[in-house]
Amino acid sequence: MKLRLFFLSFFALSSLANGQDMNFIKKSIGVLSGPGFGGRGYVSNSREKGARFIYRNFTEIGLNSFSADGNYYQEYVFDVNTFPNKVELKLGKKQLQPGIDFLVDAASSGYQTTGKNKVERINLGKIKDSAEWQKQKAQFNAHDIYQLKNVDTFCKRMKIRSAVLMQELPKACYIVPQSNKLTWTVSTNVMPATVFYVSDTSMPKGRKVEVNVQNKLLSSALSKNVIGFIPGSHFPDSFIVFTAHYDHLGKMGAKTIFPGANDNASGSAFNLGLAKYFKEHQQKYSIVFIAFSGEEAGLLGSSHFVENPVFPLNQIKLLVNIDLMGDASDGITVVNAVQQKSVFDDLQIINSRKKLLPKIVSRDNAPNSDHYPFTQVGVPAIFIYANGGKGHYHDVFDKPKELSLNNVANVFQLLTAFVSEKSGL
Ligand SMILES: [Zn+2]
């Protein structure tokens, strides 16, 4: 009877601890991707709110700082194009909804029509080679609006990415119909053209257009990485590093927010949960936490860190980057698993023993998140993302209520078990 009671209370306690971790993670995702945090981007300096939230949590958890004054920040700057005011597009009689019916290319210049302009349709599918393309380009007029048809066919034929094509376009306003879902981004430069991507289903028949979009290039905009650690008991100079970027796309115009709940409020909150956990469960190695900024602008925070590390990079035993951790219904993918085979094998072994996730997928290295700059200088690093969910990505629908958080507690258990087996007391 006593024994049974003991086991009962033991299980109740351990599941309670896990529930607390998940409650904390869920709450933090809600805060980071809430309307007050403006999508943690560049309009109204909203990324600063994300930085402060993580800083405050590092303080409350009691992480150590690498700097003598106890500051967790690492500051750096880059240029970024923004749309702080109006982003309006009216096609025919229809005022299109920003973020839902259309996006403006993140590198766009501003453009305002006076009254209604007529759209000229250009079929890029008819252009066979670069000589013809040069001829067509010379005919674009800065004051006119063009609808570009068959952009994908053209890009395939010319072996050019669509983003690169847009950068090449002469100054004018262009409308590009999209059959795929609308996916936004961040640009560190301004191109001559103004480009709207309009969802196929929102394209009206009429040819009249009204446009009002203003851009603002922020030069040398300040961004902050947030860095803290828990000293190891036996080998404090050896580090296991957990990273996650907290920046996202911010706003396209004054009202349209890209909340970035899955990308990457989820990973940021997950790592805060890990920090709390490891503060209470000290390891032999030091456990470092880095919340990167500038990821969406091209891995700029992690690249800055690799060039300006606050501790020698060769002290890193393993770096684990977490990005997109909102729904692990179908398990996880480990990027750079081919190169870090023994790490991948260990994760598989723990997973089959503890029966945590339905699947762990191995993937070759790719420059798709903040682990990448580390792998380029020989630091052992993996990137873990969760598989599952509704596929909202870089759009206005990536909201906290869309995340199931299925199996995320199990990913948490997998990683804490992995670290404990490598580094536990
Ligand atoms: Zn991301």
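Let me start at the boundary between the two domains, where a single salt bridge is counted between domain 1 and domain 2. In this predicted model, that kind of pairing is seen for Asp395 and Lys181, whose closest N and O atoms are 2.8 Å apart. Besides the salt bridge, the search across the interface of domain 1 and domain 2 returns three residue pairs in polar contact, with both residues at pLDDT 80 or more. On the side of domain 1 that touches domain 2, strand S1, which covers residues 73-82, is the element that gives the most, with three residues. Taken by residue type, that side of domain 1 divides into eleven nonpolar, five polar and four charged residues.

Let me step back to how the chain is laid out. Domain 1 is assembled from two segments, 21-80 and 221-423, while domain 2 takes in 86-213. Measured in residues, so to speak, the contact draws 20 from domain 1 and 15 from domain 2. The centres of the two domains, taken over C-alpha atoms, are separated by 35 Å.

What area do domain 1 and domain 2 bury between them? The value is about 1,300 Å², and 71% of it falls on carbon and sulfur atoms. Within domain 1, the residues that lose the most area to domain 2 are Leu249, Met252 and His394, and together these account for 36% of what that side buries.

I would now like to leave the interface and turn to the structure as a whole, beginning with the aromatic residues. A search of the whole structure finds 29 aromatic pairs. One of them joins Phe102 and Phe196, and because the ring centres are 5.7 Å apart with the planes at 70 degrees, this pair is classed as edge-to-face. Phe102 sits in strand S4, residues 102-104, and Phe196 in strand S9, residues 194-199, so the pair ties together parts of the chain that are 94 residues apart in sequence.

Finally, the salt bridges. Over the whole structure the search finds nine of them. Lys422 and Asp346 form one such bridge, with their closest N and O atoms 2.6 Å apart. Here too distant parts of the chain are linked, since Lys422 belongs to helix H10, residues 408-423, and Asp346 to helix H8, residues 341-354, the two residues being 76 apart.

Note on methods. Residues numbered from 1 in each chain as written. Predicted model: local features only at pLDDT ≥ 70, side-chain atom pairs only at ≥ 80, totals over all residues. Heavy atoms only, no water. Domains from an automatic or database assignment. Contact = heavy atoms within 4.5 Å. Buried area = accessible area lost by both parts, 1.4 Å probe. Salt bridge = Lys/Arg side-chain N within 4 Å of Asp/Glu carboxyl O. Polar contact = N/O pair within 3.5 Å; in protein donor to acceptor, adjacent residues only side chain to side chain. Helix = DSSP H or I, 4+ residues; strand = E, 2+ residues; numbered from the N terminus. Nonpolar A, V, L, I, M, F, W, Y, C, P; charged D, E, K, R; others polar. Phe/Tyr/Trp six-rings, centres within 6.5 Å; stacked < 30°, edge-to-face > 60°.
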